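This briefing sets out selected features of the structure shown below. The points are grouped by topic for reference at the bench.

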There are 4 protein chains.
Amino acid sequence: MPEKELRIELLSTTPNPLELVYAAFRQCYHAGFVADMWPKLLSGEIEKDKQAAFVSAVLESGHDSPIEHVNFTFAVEGISRACSHQIVRHRIASYSQQSQRYVAENDMDFIIPPAIKKIPEARARFEKFMDEVGSAYKDLREILVAAGRESKANEDARFVLPQAAETKIVITMNCRSLMHFFNLRCCLRAQWEVRAMADKMLEICKEELPAIFRHGGARCEQLGYCPEADRFACGRYPTLKELTEKK
Amino acid sequence: MPEKELRIELLSTTPNPLELVYAAFRQCYHAGFVADMWPKLLSGEIEKDKQAAFVSAVLESGHDSPIEHVNFTFAVEGISRACSHQIVRHRIASYSQQSQRYVAENDMDFIIPPAIKKIPEARARFEKFMDEVGSAYKDLREILVAAGRESKANEDARFVLPQAAETKIVITMNCRSLMHFFNLRCCLRAQWEVRAMADKMLEICKEELPAIFRHGGARCEQLGYCPEADRFACGRYPTLKELTEKK
Amino acid sequence: MPEKELRIELLSTTPNPLELVYAAFRQCYHAGFVADMWPKLLSGEIEKDKQAAFVSAVLESGHDSPIEHVNFTFAVEGISRACSHQIVRHRIASYSQQSQRYVAENDMDFIIPPAIKKIPEARARFEKFMDEVGSAYKDLREILVAAGRESKANEDARFVLPQAAETKIVITMNCRSLMHFFNLRCCLRAQWEVRAMADKMLEICKEELPAIFRHGGARCEQLGYCPEADRFACGRYPTLKELTEKK
Amino acid sequence: MPEKELRIELLSTTPNPLELVYAAFRQCYHAGFVADMWPKLLSGEIEKDKQAAFVSAVLESGHDSPIEHVNFTFAVEGISRACSHQIVRHRIASYSQQSQRYVAENDMDFIIPPAIKKIPEARARFEKFMDEVGSAYKDLREILVAAGRESKANEDARFVLPQAAETKIVITMNCRSLMHFFNLRCCLRAQWEVRAMADKMLEICKEELPAIFRHGGARCEQLGYCPEADRFACGRYPTLKELTEKK
C-alpha cells in the first residue's frame, strides 16, 4: 500500500474558448447572428486582444452566465476519498469516479496529510495503520469468498478502507462553476487537500484561458477584501470593515 | 419585417468526444488511471470501433451519466420567441439569448407557422398583422422618445412584439441533457417549431457522434414502443400494451 | 382584452422554516442527531430568538447552503410573457406555466408598461393595437378551423399574441435560489416588471421568515456597496471604489 | 466504537402536497388562476379522490414536472460514509452533512455490512479492526496536539477513519428527484445500504403522499418489465424482450 501523489491532467476543453465566450456575450446585445461573426473571430479579423478586453470588462461587472459555454474536463488521481466526497458536493458538474465496489483494493494506495508526513512519529503510526488496513481488507475478502460471497466481497470488505484511500475521478465543469469552485476551495479556510487540487486546476485554467481565469481564485482575489467573518479572516486581505475604516 | 428561416450552426463541440466518454466509463471500473490510457485512445491503439461498441452497450443498459462530459454549443437563428420560451425551460443547459431590451426591432423578422403559410387567406391575414405590429412598435418608440424616455424605449415598446418575433440564441447542452431534449422534443406531440429545431440538432449530433446519438430521438425510438397514454399515441410505434398483447 | 394587475399568492411554504434551517446548520457541526434536537426546537426549549441569531450570523459570513432546505411556492398572475421568459431563465426552481397551446386566448388579458400608461397618447396607441391583436387572433383561428385545423388552431394563432399577453405561473424556489433571484431582480437595473414581482415576493418572504430574508434584496443591500460597474450604478449605494476612497 | 442502526426521520414536508401538485398541473391547462381554485381544493369542494385520480393519470403518461413543487426533508443517521458518498451524487437535492473536520470522532460509531455480521469469523475480524481504527485515530490526534496542531488535529486524524464510519445527514429532495432516486436505489443492483435507506424513505413517502408514490420504486415497478441488460436482470420482472416474446 504505497503513498500516492496528486496528479491532474486536462483531458479536454472546449476549442476556441475565448471566441466562444465573446460570441455568446455579443449575441445578447447584437442585432446580427453570431454564426456570421464566428469566422472573423477565428481568423483574428476581430482581434483576440479586443475579445479578451471585452470579456474581462463584462466579467468585472459581475455578469458571468456566458462563460458557462466553455467546459474543462480533468482526470484526477492521487486524492483521498475524504477529498472526493467534498468535490462531488459541487452539483453543477459531471463526475465519473472509480468504484470501490468493482475495483479490488489489494494494492490500495493512500494519501498522507502533510502535517502527519512532517512528524516522523505521526508518519510511522499512520503507515503502521495502513498495514493494518491492508490485512483487515485481505482477511475479510478471504472469509467472504470462502463463505460463497465472492461476487460481493469487494463491496463489503471496502467498509474497512480509510478516508485516506486513494481514488481517481474524471470531472467536467463549465467556467462559471469552476470560478465558484475556486472561490470556495482556493480559500485558506478550505482543507489542504482540496485546496491543493483547486490551486493546480486554477493554474491549468489560467494557462488555457487567461482572459477569464485571471479573475479566478478565492473570493478575496476578486473582491479585493476578505468576505469572511472577522474571526475566520486569514489576513491576506483586509476585511471589508478594515478596508473602509483604514482609509 | 421579413420572414426568417431556421438556421442552426454548431459553433463548438468537445474534441475527441468518443474517447472522452469511453475514458469516463472506463475510469469507473478500471484500476488504472485513464490519463495513462488516453494516448492509446487517441492513437487508435485501442480501436475506435471497440470504443464505440462499448459505449453503445453501456448506454443500452440505461447507464448514461458519463456522456455528460461531452458538450455541444449551437448558434440558432430563425426561431420565434414562442419557441425560445419552450427551449429555456430545459434547465440543464446554458443560454445566451438576444435581448429585446437592448436590440431595437425596427426591422423585426418573424416566424410564420407552416399551417398558416399553406393557406393563402391565413398567410395574408398574418402578414397584414405583422405590418400593424411594425407600425405600433414604431409609433410607441417615437412617443416614448418624444416624452424623454429614450433609454427605456425599446424595453417598453417591445410589449407589442408578437410571439412570432424572431430571436437568436446560443445553446450549450451536454449529451445527456441533449438526449432528454430529443426524447421530449422530437416526439410528434411537441410543437412543430421546437420539433423542427430538435430534429436538425439531432441530425448534427448524429453526424458528430454516432455512437451515442444513434440512440437519440423521441422516447419511442429508444424503447421500441410508445410510452404515451393511448389517446396521445401517434401510431408510429405500438404502445406497450399493444406490443405485449399483439404477440 | 382588458388590462390585468399583478397578483401573487403564497400557496405553500415549508413548515417550521427557521427550525429547519437551524437544525440543518447544526447537523454539520454537532456530534448528536438533529432529529433528537427537533422537538426542543419546535417547543421553544431552544429559543426562537437564539435560533434566529445563529442563522443570521452564519448567513452573514456567506455560508448559505442550509437555507436550501426551505421552499416557497407562489402562484402568480398578471405578468406578461416578456416577464415570464425572464423568470424561467432561473434554473434552480420549478415552474408550471399556463400554456398558450392549450388555453384559447379569445379574451386575452394584457400588461401595459407604466411608462406607456402615464402618457395618454402612448396608452391610446397601445390599446388600439391590442384590439388589432384580438382581431388577428380571432380571424386566424376562424380561418384555421374552417380549413379543418381545429385541433392546432390555438397553437398556430398564438403567434400573433404580444409579449404583453398576460400569463399565470406557479413557481417553487428554495431560499438560496430566492436570495439569488432577489439579488438580480430587485436591482434597479432589472426590468420594471420583474422587479415589481421580485419586490412583492421579497415582502412576502420577509414576513414569513425574517431571520433569513432581512438579508434579502439587491446585492447592494447585502454588501453595503454597489458591485456594478460605475456607469451602471444607480447611486442608492456608493460603489466599492467610492466607499474605500471616501474614507 | 459501537455499531449504529439506520434511522430516518421525516423532519418536514410541503403542506397540502396533493392539492399543490393538482393545482400546478391544472394551471398549465386552465384559463383561470389556481389561487382562486385553491380554497376549493383545501376544503374538499373539489374532492381529494378526484384530485388523486387526476394526478395518477397524468403521471402514468410520463408528465411529471409538477410534482417538483412538493419537497421532503429527511434526517438520516446510522449510514456509512460509503453510503453518503453515493447519496450526494444525486445533484437535484440539498444536503447538510455532519463534518468529520469539526466533529471529533473519539467515540466513532460504525456500520457493519449484514453479510459480515452473519459470519462470526468475519464479524470478529471487522470488530477487531474497528478497535485498531480507534487506537490509530486517538494516537494520531495526540501526536498532532502535542506538536501544536490542535486546531487541525481532527481534520488530519480523520484520514484513518473507515468507510464504515457512521455519518448523519439532512436531505431535501423534491418528489421528481425522489422518484428518480427510488428508480435507481430501490433496484436490487444498488448496494444493500443505500437500498435499505431508499426503501425506508419510499415507505415514508407512500404514507405521506400515496397518489404519487404508489408509482414509486425501482424502474421495473413502473414499467412492468426490467430495463436492465439481460445479464443484470434479477428475475423479479421479465425483461422487455422476455415480455414481448412470451406472449
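**Structural briefing**

Helix α8 of chain B, residues 175–185, is mostly covered, with 8 of its 11 residues buried. The model is a predicted one. The points below begin with this helix and then turn to a strand pair, the relations between chains, a cavity and several individual residues.

**Helix α8 of chain B**

- The buried residues of α8(B) are B:Cys175, B:Ser177, B:Leu178, B:Met179, B:Phe181, B:Phe182, B:Asn183 and B:Arg185.
- Within chain B, these buried residues pack against β2 (71–80), α4 (81–87), β4 (166–174), α9 (192–208), α10 (210–213) and α11 (219–223).
- The N-terminal end of α8(B) is capped by B:Asn174, which places a side-chain oxygen 3.0 Å from the backbone nitrogen of B:Arg176.

**Strands β3 and β4 of chain A**

- In a regular strand, side chains alternate between the two faces of the sheet.
- In strand β3 of chain A (residues 94–97), A:Ser94 and A:Ser96 point one way, while A:Tyr95 and A:Gln97 point the other way.
- All of these residues of β3(A) are buried.
- The partner of β3(A) is strand β4 of chain A (residues 166–174), and the two pair in the antiparallel sense over 4 bridges.
- Across this pairing, A:Gln97 stands opposite A:Ile169 of β4(A).

**Relations between the chains**

- Two copies of a chain are related by a rotation about an axis and a shift along it.
- A turn of 180° with a shift of 0.0 Å along the axis lays chain D on chain A, with an RMSD of 0.0 Å.
- The two copies are thus related as by a two-fold rotation axis.
- Among the residues of chain D, D:Pro162 comes closest to the rotation axis, its C-alpha lying at 2.0 Å.
- Because 100% of the interface residues of chain D are also interface residues in chain A, the copies meet through the same surface.
- Chain C is likewise superposed on chain A by a rotation of 180° with 0.0 Å of shift along its axis, at an RMSD of 0.0 Å.
- For chain C, too, 100% of the interface residues are also interface residues in chain A, so the copies meet through the same surface.

**The cavity**

- The count of cavities of 30 Å³ or more comes to 1.
- The largest cavity holds about 40 Å³ of space.
- From chain A, the residues lining the largest cavity are A:Thr14, A:His69 and A:Asn71.
- From chain B, the lining residues are B:Ser12, B:Thr13, B:Thr14, B:Asn71, B:Phe72, B:Thr73 and B:Thr172.
- The elements that give two or more residues to this lining are β1 (7–13) and β2 of chain B.
- β2(B) gives the most to the lining, with 3 residues.

**B:Ser84 and B:Ala35**

- B:Ser84 is placed in helix α4 of chain B.
- The relative accessibility of B:Ser84 is 0%, so this residue counts as buried.
- The side chains of B:Ser84 and C:His85 are joined by a polar contact of 2.8 Å.
- Not counting residues up to four places away in sequence, B:Ser84 touches B:Ile79, B:Gln97, B:Thr167 and C:His85.
- B:Ala35 is found in helix α2 of chain B, residues 34–43.
- B:Ala35 has a relative accessible area of 11% and is therefore buried, the cut-off being under 20%.
- Not counting residues up to four places away in sequence, B:Ala35 touches A:Arg7, A:Glu9, A:Leu11 and A:Ala75.
- From C-alpha to C-alpha, B:Ala35 and B:Ser84 are 39 Å apart in space, and they are 49 residues apart in sequence.

**Positive phi at Asn16 in chains C and D**

- Most residues other than glycine have a negative phi.
- C:Asn16 has a positive phi of about 50° although it is not a glycine.
- C:Asn16 is placed in the loop between β1 (7–13) and α1 (17–29) of chain C.
- The relative accessible area of C:Asn16 is 33%, and C:Asn16 is partly exposed.
- In chain D, D:Asn16 is not a glycine, yet has a positive phi of about 50°.
- The loop between β1 (7–13) and α1 (17–29) of chain D contains D:Asn16.
- D:Asn16 counts as partly exposed, at 33% relative accessibility.

Terms used. Residues are numbered from 1 along each chain as its sequence is written. Chains are lettered from A and ligands numbered from 1 in the order in which they are written. This is a predicted model: local features need pLDDT of at least 70, side-chain atom pairs count only at pLDDT 80 or more; totals for chains, interfaces and linings use all residues. Side-chain values use heavy atoms; hydrogens and water are left out. Copies are superposed by least squares on the C-alpha atoms of residues with pLDDT of at least 70 in both. Contact means heavy atoms within 4.5 Å. Buried means under 20% relative accessible area, exposed over 50%, partly exposed in between (1.4 Å probe, protein chains only). Two strands pair if DSSP finds at least two bridges between them. A polar contact is a pair of N or O atoms within 3.5 Å; within protein, one must be able to donate a hydrogen and the other to accept it, and residues adjacent in sequence count only if both atoms are side-chain atoms. On a 1 Å grid over the protein atoms alone, a cavity is a set of points where a 1.4 Å probe fits but cannot get out, and a pocket is an open set with protein on both sides within 12 Å along at least five of seven lines; lining residues have an atom within 4 Å of a point. Grid points are joined across faces, edges and corners, and a volume is the space filled by probe spheres set on the points.
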